[in-house]
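User: Could you take a close look at one part of this model for me, and set it in the context of the whole chain? I work at the bench, so please be careful about how far each statement can be taken.

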Amino acid sequence: MPLGLIMGLGRAFRRKRTASLDILSPKRAPRNFYKGKNCKPTGFHTRKGGYVVVQDKLPNYVVPDLTDFKLKPYVSQCPKEVKTAESAESTK
């Protein structure tokens with residue numbers, strides 16, 4: 001009895017995934033299946049075919065005030081070498 005139970009568990013671990021558990025893609029799904037782009041809906045459809053946007057579902061971006069910020073928004077991909085006092089002291 002215990003040997004059969006152990007062998008049954010071993011067979012269950014070796015078994016491949018069934019086809020029903022595969023990832024559903026548009027190629028394996030029915031014609032009207034649309035997977036989407038992993039976006040959250042921002043509202044809902046009405047009975048008459050309209051769409052109502054819910055303000056609570058829209059993204060809210062909080063941007064800090066950067067008026068006296070020292071750094072510039074653009075960083076060049078090809079920076080030029082700039083000699084500063086700190087780099088000159090470290091080479092000595």
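The part I have in mind is the nonpolar patch on the surface: which residues form the patch, and where in the chain is Val 53 found?

Analyst: Since this is a predicted model, it is sensible to begin with confidence and then turn to the patch itself. The mean pLDDT of the chain is 79, and 76% of the residues score at least 70. Among the elements of the chain, strand β2 has the highest mean pLDDT, 96, whereas helix α2, covering residues 85-91, has the lowest, 67. Where pLDDT is low, the predicted coordinates should not be read in detail.

The patch is made up of Tyr 51, Val 53 and Leu 58, which together offer about 240 Å² of accessible area. Val 53 belongs to strand β2, which runs over residues 51-53, and β2 is the element with the highest mean pLDDT in the chain. Val 53 counts as partly exposed because its relative accessible area is 42%, a value that falls between the 20% limit for buried and the 50% limit for exposed.

Around this patch, the chain contains two helices and two strands, arranged along the sequence in the pattern α-β-β-α. Of its 92 residues, 2% count as buried, and its accessible surface comes to about 10,500 Å², with carbon and sulfur atoms contributing 59% of that area.

Two further places in the loops help to complete the picture. Thr 42 sits in the loop between α1 (2-14) and β1 (43-45), and with a relative accessible area of 25% Thr 42 is partly exposed. Although Thr 42 and Lys 57 are 15 residues apart along the chain, their C-alpha atoms are separated by 5.1 Å. In the loop between β2 and α2 lies Asp 65, which counts as exposed because its relative accessibility is 64%; the side chain of Asp 65 makes a polar contact, at 3.4 Å, with the side chain of Thr 67.

Finally, a word on the cysteines, since they are often of interest at the bench. A disulfide is a covalent bond between the sulfur atoms of two cysteines, and the structure holds zero disulfides. Cys 39 counts as exposed, with a relative accessibility of 62%, and Cys 78 likewise counts as exposed, at 65%.

To return to your question, the patch consists of Tyr 51, Val 53 and Leu 58, and Val 53 is found in strand β2.

Terms used. Residues numbered from 1 in each chain as written. Predicted model: local features only at pLDDT ≥ 70, side-chain atom pairs only at ≥ 80, totals over all residues. Heavy atoms only, no water. Helix = DSSP H or I, 4+ residues; strand = E, 2+ residues; numbered from the N terminus. Buried < 20%, exposed > 50% of the residue type's maximum accessible area, 1.4 Å probe, protein only. Areas by Shrake-Rupley, 256 points an atom, 1.4 Å probe, with all protein chains shown as cover. Patch = residues over 30% accessible without salt bridge, like charges linked within 9 Å, V, L, I, M, F, W, Y side chains within 5 Å. Salt bridge = Lys/Arg side-chain N within 4 Å of Asp/Glu carboxyl O. Disulfide = S-S within 2.5 Å. pLDDT = per-residue confidence, 0-100. Polar contact = N/O pair within 3.5 Å; in protein donor to acceptor, adjacent residues only side chain to side chain.
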